[in-house]
Amino acid sequence: MIAQKRRDLPLLDALRLLASGAVVFHHMRGDSLFGIPFGLPLFLVIMFALASGSAKREPFTDFARRKSHYLLLPWVRWSFIYIVVLGAIDVVRGGGPWDRLEPAMVYYGGHPALWFLPFATVGLVVAKGLQMITRGWDPLGSAMSLAVLAFLSTVGMAWLHPSEMPTLA
């Protein structure tokens, strides 16, 4: 069976590139594009919109399992790599292999920048649940709702974990 090619979405591809550039800019400079947390909400809007706009009929639990697998396996893999590499560096420098471990790593994984993956998993499941509730809404209303959800999610994460998030100021 040949995999079905996705329909042409040039604007979506452009938005992904823009969001990627904003995220890289933030990580390289330690601030955000245009002085606002730009890349992260854009990625969230794209992810939420794709999840809620999908015509694919699947049970909610199957969707949650599929997205968890898609986002959490890379989170586990990269967390493992970070923990092993940083632990080895600490041992070489005379420390213990577990010196960097802290309780907050349950939340963000092997590196604080990885917090996005488990957060996006939860956000996608919430967005899909909202889509099931708001099926009768017009597309513009749904898109605006998802944009507000993405913005509020980013602000909420900045409040919960301010040292690792872009600031609004």
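Being three residues apart in helix α3, Asp62 and Arg65 are separated by about one helical turn, and in this predicted model the two residues form a salt bridge in which the closest N and O atoms are 3.0 Å apart. Asp62 is partly exposed, with a relative accessible area of 31%, whereas Arg65 is exposed, at 54%.

A search of the whole structure finds three salt bridges, and they are listed here with the distance between the N and O atoms.

| Acidic residue | Basic residue | N to O distance |
|---|---|---|
| Asp62 | Arg65 | 3.0 Å |
| Glu58 | Arg66 | 2.5 Å |
| Asp90 | Arg100 | 2.8 Å |

In the pair formed by Glu58 and Arg66, the arginine Arg66 is partly exposed, with a relative accessible area of 33%.

The salt bridge between the side chains of Asp90 and Arg100 links distant parts of the chain, since Asp90 lies in helix α3 and Arg100 in the loop between α3 and α4, ten residues apart. Is Asp90 buried or exposed? Asp90 has a relative accessible area of 11% and is therefore buried, because buried means under 20%. Arg100, by contrast, counts as partly exposed at 37% relative accessibility.

The surroundings of Arg100 can be described further. The loop that holds Arg100 runs between α3 (60–92) and α4 (105–108), and, leaving aside neighbours within four places in sequence, Arg100 is in contact with Leu86, Asp90 and Met105. Although Arg100 and Leu86 are 14 residues apart in sequence, their C-alpha atoms are 7.9 Å apart in space.

Terms used: Residues are numbered from 1 along each chain as its sequence is written. This is a predicted model: local features need pLDDT of at least 70, side-chain atom pairs count only at pLDDT 80 or more; totals for chains, interfaces and linings use all residues. Side-chain values use heavy atoms; hydrogens and water are left out. Helices (H or I, at least four residues) and strands (E, at least two) are DSSP runs, numbered from the N terminus. Buried means under 20% relative accessible area, exposed over 50%, partly exposed in between (1.4 Å probe, protein chains only). Contact means heavy atoms within 4.5 Å. A salt bridge is a side-chain nitrogen of Lys or Arg within 4 Å of a carboxyl oxygen of Asp or Glu.
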